[in-house]
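User: I am new to this kind of model and would like to learn how to read its features one at a time. Could you take me through strands, charged pairs and aromatic rings, giving the general idea before the case itself?

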Amino acid sequence: TSIPFTVSSCGSSSEDVIPSNALPYGVYEITNGILSGFKPGINLSVYDDGKCDTMLIPDEVTVVEHSAFLRKIPPFISKLVFSEKSKLTRINYCAFMESSSLTCVDLSNCNNLEFLASQVFESCSALTSVILPNISSTITIRGWLFENCSKLNNIKWNSWKGPEKTIIQENMFQGVA
């Protein structure tokens with residue numbers, strides 16, 4: 001099977017203003033640019049108002065920690081978006097693994113991304129669309145990135161200029177329809 005390289009936007013913001021459909025920045029545990037998940041004890045159900053459907057990751061995040069959101073994304077969140085001035089350089093292993101409500105991941109603003117670990121989006125069973133960033137330097141993409149994302153059918157490498165060096169390991173799409 002082939003995966004078409006087109007997808008519509010997940011709804012990223014062009015300003016550093018948190019849209020009403022996104023979780024507020026205050027829910028995230030961020031230390032020295034490292035996003036380790038949601039703040040301990042935070043009650044995310046207060047944002048389940050029928051409007052909030054997006055995780056907008058703040059500019060200051062440079063690293064998403066290993067297993068940061070593994071099985072922790074609430075069912076009302078369907079979109080993962082990074083802010084316009086994202087400083088993200090790496091997403092570590094299993095960071096968003098088994099996020100069963102995610103349908104769209106937009107990494108288009110992550111132009112400094114150097115490393116996508118394996119299994120980052122593994123078993124995101126509702127995931128249909130992914131927008132990858134415009135990378136112009138070196139990027140490493142580990143294997144099994146989208147393993148068992150059986151509904152994934154739209155991938156776009158946003159305005160790809162061609163990095164100097166791209167390392168993509170095998171089985172990136174293992175179990176994709």
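User: Let me begin with the strands: which residue is the bridge partner of Lys79 in β7?

Analyst: Please keep in mind throughout that this is a predicted model. In a regular strand the side chains alternate between the two faces of the sheet. In the case you ask about, the bridge partner of Lys79 in β7 is Cys104, and β5 is joined to β7, residues 104-106, by three bridges, the two strands running parallel.

User: And which residue in β3 does Lys79 in β5 stand opposite?

Analyst: Lys79 stands opposite Thr54, and the strands concerned, β3 (residues 54-57) and β5 (residues 79-82), run parallel and are joined by four bridges.

User: How should I read the charged side chains, and how many salt bridges are there?

Analyst: Side chains of opposite charge can pair when their charged atoms come close. Here the count comes to two salt bridges. One of them joins Lys79 to Asp53, with the closest N and O atoms 3.5 Å apart. Because Lys79 belongs to strand β5 while Asp53 sits in the loop between β2 and β3, this pair ties together parts that are 26 residues apart in sequence.

User: Are Lys79 and Asp53 buried or exposed?

Analyst: Lys79 is partly exposed, its relative accessible area being 23%, whereas Asp53, at 18% relative accessibility, counts as buried; the cut-off for buried is under 20%.

User: Which side chain meets Glu98 in a salt bridge?

Analyst: That side chain belongs to Arg71, and the N to O distance is 2.5 Å. The pair links distant parts of the chain, since Glu98 is in the loop between β6 and β7 and Arg71 in the loop between β4 and β5, 27 residues apart. Glu98 is partly exposed at 29% relative accessibility, while Arg71 is exposed, with a relative accessible area of 57%.

User: Turning to the rings, how many aromatic pairs are there, and how is an arrangement recognised?

Analyst: The count comes to seven aromatic pairs. Among them, Phe38 and Phe69 have ring centres 4.9 Å apart and planes at 75 degrees, so this pair is edge-to-face. Phe38 lies in strand β2 and Phe69 in the loop between β4 and β5, 31 residues apart, and both are buried. The rings of Phe96 and Phe121, by contrast, are stacked, because their planes are at 10 degrees, with the centres 5.7 Å apart; both of these residues are buried.

User: Which residues form one aromatic cluster?

Analyst: One cluster is formed by Tyr28, Phe38, Phe69, Phe96, Phe121 and Phe146.

Note on methods:
Residues numbered from 1 in each chain as written. Predicted model: local features only at pLDDT ≥ 70, side-chain atom pairs only at ≥ 80, totals over all residues. Heavy atoms only, no water. Pairing = 2+ DSSP bridges. Salt bridge = Lys/Arg side-chain N within 4 Å of Asp/Glu carboxyl O. Buried < 20%, exposed > 50% of the residue type's maximum accessible area, 1.4 Å probe, protein only. Phe/Tyr/Trp six-rings, centres within 6.5 Å; stacked < 30°, edge-to-face > 60°.
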